[in-house]
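Subject: Handing over a structure

Hello,

I am passing a structure on to you, and I hope you enjoy looking through it. Please open it first; my notes on what turned up follow below.

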Amino acid sequence: MARKTESGQALVLGAVALVALLGVMGLAIDTGLLRYEKRLQQTGADAAAIAGANDLAYGDWQTAAQNAAAANGYTDSSANTLSSCFASGATVGTACVEVDSPPLDGPHAGSTGCSPAPSCYVEARVAVVEPTYFMKILGVSSKTVVARAVATNWSGGAGGGGGCIYTLGTPTKKITANSAGVGVSGSVILNAPTCGIVDNGNFVANGGAQLSVVAASIGVGGVYNPPSGAATVSPNPVTGMPYSGDPLYGKYPTPTIGTSLGSVKITAGSCTGAGCSGVTCALGTCTISPGTYDDICIDNNQRINFSDGGSTTGGLFVITGASTCSSNVEFEINALATVCNSTNSDCSGMPGSANAGVTFYISGSASATVDGTATVQLTAPNSGPYEGFLFYQDPADSATMTLSGNSVSFYQGAIYMPNTDATLNFGGNTNFNGQAAYTLIDVGDLLLNGNPDVSLKANYSGLANGGGPLAGAISAATLVE
């Protein structure tokens, strides 16, 4: 019977199916192992790209990238090419690390313009010849796996220079577009030609035809709402940037909040309040010594000199917020007041007459407000633990800070408000901040409002350690691919 001649076919078909099934299973296992190895290699590629980008300004970016890859377990054996890992018969375990600037592939391929480096971008590719197991049945004994990363120092300013604006809050943490990331309103001019803008949120440029923004670079994590009419933003912001970390996180010690002297109110050339033990007034000027105060309230038309306390590393002022100058304000400078930190008691000669520098720590839920008609000329310490640090708001504090002033006002130093929900209202009149050698704004949210003409620079040469803790903001690189 025909049925007898078909006996055993099921067994044959089952065996064939089993081989096919084992082949598929083997392929899946090998693929999973290769994907795992690629994830490990990605760590090496990321580290190499970031290290290379960090060293773009110093010329040795390729060596830095190779060293970073080696530190993560991938030492180049192919003279900075991938050819050895793709050669016929390449030995299992061969590792190739190729580092290029500008990148050879992707959206940043061929980009130029970061002297002395050839590009603002570094591409790192890590290739390894990996063994296969089940795929050997199909005659495939090895596969070359490649991980790739691209990093840039572009968002930190031209040629590796520092950024002068970092906004930490992402769009999802905000409600209104005007306060998501960097917002500008009114007639606004922002000049930052030697440093960059790193914006985790949205860049809302709604200042109309009176808006002009010039920076060395503008990187935006969210979306860019461009201006209309004849308004200009240069260069065109790069959107979709990976969210930046806080470049100043952990760089400075948290100030110790000592016993408060009490509140200080300066009016009519004299001081009232329990904190007046730290204040001397003479010839129309009140000098405030470093220390911890409940609040410092400066009335209209007063002249105040913040002392460094005789220290060569600056003076620290801590505001506890235990009482208020006005509604929810603990550090207040009112209209037409003159405020400085000068070796001249009458505040003349700033910034050349600046003392060793001052730092203001706004603690608790305190906030600071400076009137737009006041003359405010403040400089951070040039050395010591708070080198370059001017305003430091408690990381737990999400209160809004307003730092304004007239056309000769300036804030030389870092303004740090790390709470991602904290907003800094910053700006003043024509030539506002023009005398500051450097100003670094690291805040949750920034609003340039009113009609400011703001200048920001990043010249740290006057600091004892070339920037000290600010160096983290100067050299930070970011992965972009």
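Let me begin with one polar contact: the side chain of T423 meets the side chain of D445 at 2.8 Å. Please keep in mind throughout that this is a predicted model. T423 sits in strand 27, which covers residues 423–426. Is T423 buried or exposed? T423 counts as buried because its relative accessibility is 14%, and the cut-off for buried is under 20%. Setting aside neighbours within four places in sequence, T423 is in contact with A399, T400, M401, M417, D445 and L447.

Two of those names come back around S367, so that residue is a good next stop. S367 lies in the loop between strand 21 (358–362) and strand 22 (368–370). With a relative accessibility of 4%, S367 counts as buried. Beyond residues up to four places away in sequence, S367 touches N328, V329, E330, F331, I362, A399 and T400. A399 and T400 are thus contacts of S367 and also of T423. The side chain of S367 also reaches the backbone oxygen of N328, at 2.4 Å. As for Q393, which is 26 residues from S367 along the chain, the C-alpha atoms of the two are separated by 8.1 Å.

Here is the wider view of the chain. There are 481 residues, and 51% of them are buried. The secondary structure comes to 5 helices and 31 strands. If you take the contacts between residues at least 6 apart in sequence, 62% of them join residues at least 24 apart. The chain exposes about 19200 Å², and carbon and sulfur atoms supply 55% of that area.

One sheet is worth following by eye. In general, strands of a sheet pair through backbone hydrogen bonds, either parallel or antiparallel. In this case 4 strands form an open sheet in the order 1-2-3-31, with antiparallel pairing. Which strands stand at the edges? They are strand 1 and strand 31; each has a single partner strand, so one side of each is left without a neighbour in the sheet. Further in, strand 2 and strand 3 run antiparallel and are joined by 11 bridges. To find your place in that pairing, look for P131, which stands opposite S142 in strand 3.

Next, the charged pairs. Side chains of opposite charge can pair when their charged atoms come close. How many salt bridges does a search of the whole structure find? The search finds 5. One of them joins E98 to R125, with the closest N and O atoms 3.1 Å apart. This pair links distant parts of the chain: E98 belongs to strand 1 (residues 95–100) and R125 to strand 2 (residues 121–131), 27 residues apart. Both partners count as buried, E98 at 10% relative accessibility and R125 at 13%.

R125 has another partner in D105, where the closest N and O atoms are 3.6 Å apart. D105 is in the loop between strand 1 and strand 2, and 20 residues separate it from R125 in strand 2. Unlike the buried R125, D105 counts as partly exposed, at 37% relative accessibility.

R148 and E481 form a further salt bridge, with the closest N and O atoms 2.9 Å apart. R148 is in strand 3 (residues 142–152), while E481 is in the segment after strand 31 (478–479), 333 residues apart. R148 is partly exposed, with a relative accessibility of 26%, and E481 is partly exposed too, with a relative accessible area of 26%. Returning to the R125 group, salt bridges that share partners join E98, D100, D105 and R125 into one network.

Last comes the surface. L33, Y133, F134 and I137 make a nonpolar surface patch of about 440 Å². Of these residues, I137 is found in the loop between strand 2 and strand 3. I137 counts as exposed because its relative accessibility is 69%, and the cut-off for exposed is over 50%.

Happy exploring, and best wishes.

Terms used: Residues are numbered from 1 along each chain as its sequence is written. This is a predicted model: local features need pLDDT of at least 70, side-chain atom pairs count only at pLDDT 80 or more; totals for chains, interfaces and linings use all residues. Side-chain values use heavy atoms; hydrogens and water are left out. A salt bridge is a side-chain nitrogen of Lys or Arg within 4 Å of a carboxyl oxygen of Asp or Glu. Helices (H or I, at least four residues) and strands (E, at least two) are DSSP runs, numbered from the N terminus. Buried means under 20% relative accessible area, exposed over 50%, partly exposed in between (1.4 Å probe, protein chains only). Patches are made of residues with over 30% relative accessible area and no salt bridge: like charges are joined within 9 Å, nonpolar side chains (Val, Leu, Ile, Met, Phe, Trp, Tyr) within 5 Å. Accessible areas come from the Shrake-Rupley method with a 1.4 Å probe; for residues, only the protein chains shown count as cover. Contact means heavy atoms within 4.5 Å. A polar contact is a pair of N or O atoms within 3.5 Å; within protein, one must be able to donate a hydrogen and the other to accept it, and residues adjacent in sequence count only if both atoms are side-chain atoms. Two strands pair if DSSP finds at least two bridges between them.
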